[in-house]
Amino acid sequence: AVREALSLYQNGQVEALLFPRVDRETRFLFGSVSLLSETLRAGLPVYFAREQLSLDPNDPESVERYLSKATQSQAYIDTMKTNTLQAKAKLVKGGILPQGTGIGLYGFNWDKKNKKRIPIDFEVKVVQKVFAMRDEGTGFFNIAKKLNGQGVLTKSGSKWHPFTVKRMLTNPAYIGLTYFGKTSGSKKTKLVPRDEKDWRLLPDVTPPVIDEELFWRVQEKIKRSKEIHAALPHREYLLTGH
């Protein structure tokens, strides 16, 4: 957005760059400093609304005020992250699944009052059909193709992908086993798998909609299929066998 503003400024289409507040601009502090320097060198005025601050490279006091506000903003962001982690840990300790702003698990709605997942009839039937198809030998690709052909959409309203199907089929929440802490990080940064000993099982959060025997049978078939395909060459090379 800053680079777009620079381009518009150079074409005479904008007069200044306005941020709502300093902490919105300093979420990625090291990148922000270099971008702001580039902006100021180009002569594009920069303002921050909440702090009523204008950033002028020729005014050391305005730069000092900005750096002071930026430091405060970073401290505030770090405090918010710590508080969020502590709040989540408290919920998990009480057996409650911390619910973020994501779209949630396919097959369920989130009951904010009781902090539990509530089954959605149509989506549950889709989940059961997907497990039945994989149990019968249908692969991820063909399951996704079948769902897309029938006009069934994912939770986000998009088309199905083989990886989406795989994630559904390997999620133990569908047999009532809801785990918290399987990954660390975030989708905005990077999700890193955590050791299984660090997972926390939360009982009574997700009602089972798939029979356990069917679930584990499907896991075994997925595992066997992976082992078989791993041993097969993915393509024919010119020097294969030589």
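## Exposure and the model

A residue is called exposed when its relative accessible area is over 50% and buried when that area is under 20%, with partly exposed residues in between. In this sense, helix H6 carries the exposed residues Phe 141, Lys 145 and Gly 149 on the face turned away from its buried side. The structure described here is a predicted model.

## Overall composition and confidence

The chain holds eight helices and nine strands. Of its 242 residues, 29% count as buried. The accessible surface of the chain amounts to about 16800 Å², and carbon and sulfur atoms account for 54% of this area. Among contacts between residues at least 6 apart in sequence, 57% join residues at least 24 apart.

The mean pLDDT of the chain is 80, with 72% of the residues reaching 70 or more. Confidence is highest in helix H5 (residues 121-135), at a mean of 96, and lowest in strand S7 (residues 183-184), at 60. Where pLDDT is low, the predicted coordinates should not be read in detail.

## Helix H1 and its contact with helix H3

Helix H1 spans residues 2-10, and Val 2, Ala 5 and Leu 6 are buried in it. Seen down the axis of H1, these buried residues fall within an arc of 105 degrees, so they line one face of the helix. The face turned away from that buried side carries the exposed residues Arg 3 and Glu 4. Just after H1, Gly 12 adopts a positive phi of about 75 degrees.

Two of the buried residues of H1 recur in the surroundings of Thr 39, a residue of helix H3 (residues 29-41). With its neighbours within four places in sequence left aside, Thr 39 is in contact with Val 2, Leu 6, Leu 17, Leu 44 and Val 46. Thr 39 has a relative accessible area of 0% and is therefore buried.

## Helix H6 and its surroundings

In helix H6 (140-149), the buried residues are Ile 143, Ala 144 and Leu 147. Viewed down the helix axis, they fall within an arc of 95 degrees, so they line one face of H6. The cover over these buried residues includes H5 and H7. The opposite description applies to Phe 141, Lys 145 and Gly 149, which are exposed on the face turned away from the buried side.

H6 is followed by Gly 151, whose phi is positive, near 80 degrees. A charge also sits over an aromatic ring in this part of the chain: the charged end of Arg 134 lies over the ring of Phe 140, 5.7 Å from its centre.

## Aromatic pairs

A pair of aromatic rings is described by the distance of the centres and the angle of the planes. The whole structure contains six aromatic pairs. One of them joins Tyr 106 and Trp 160 in an edge-to-face arrangement, with 5.2 Å from centre to centre and 75 degrees between the planes. Tyr 106 lies in the loop between helix H4 (60-93) and S4, while Trp 160 lies in the loop between H6 and helix H7 (162-169), so the pair ties together parts that are 54 residues apart in sequence. Both residues are buried: Tyr 106 has a relative accessibility of 7%, and Trp 160 has one of 6%. Ring pairs also link Phe 108, Phe 131, Tyr 174, Phe 215 and Trp 216 into a cluster.

Tyr 106 is also a contact of Phe 122, a residue of helix H5. Leaving aside neighbours within four places in sequence, Phe 122 is in contact with Tyr 106 and Val 152. Its C-alpha atom is separated by 7.7 Å from that of Gly 107, which is 15 residues away along the chain. Phe 122 nevertheless counts as exposed, at 53% relative accessibility.

## Positive phi outside glycine

Gln 52 has a positive phi of about 50 degrees although it is not a glycine. Gln 52 is found in the loop between strand S2 (46-48) and strand S3 (53-55), and it is exposed, with a relative accessible area of 71%.

Lys 115 likewise is not a glycine and has a positive phi, of about 55 degrees. The loop that holds Lys 115 runs between strand S4 (108-111) and strand S5 (116-119). At 36% relative accessibility, Lys 115 counts as partly exposed.

Definitions and conventions
Residues numbered from 1 in each chain as written. Predicted model: local features only at pLDDT ≥ 70, side-chain atom pairs only at ≥ 80, totals over all residues. Heavy atoms only, no water. Helix = DSSP H or I, 4+ residues; strand = E, 2+ residues; numbered from the N terminus. Buried < 20%, exposed > 50% of the residue type's maximum accessible area, 1.4 Å probe, protein only. Arc of directions from axis to C-beta. Contact = heavy atoms within 4.5 Å. Areas by Shrake-Rupley, 256 points an atom, 1.4 Å probe, with all protein chains shown as cover. Phe/Tyr/Trp six-rings, centres within 6.5 Å; stacked < 30°, edge-to-face > 60°. Lys NZ or Arg CZ within 6 Å of the ring centre and 35° of its normal. pLDDT = per-residue confidence, 0-100.
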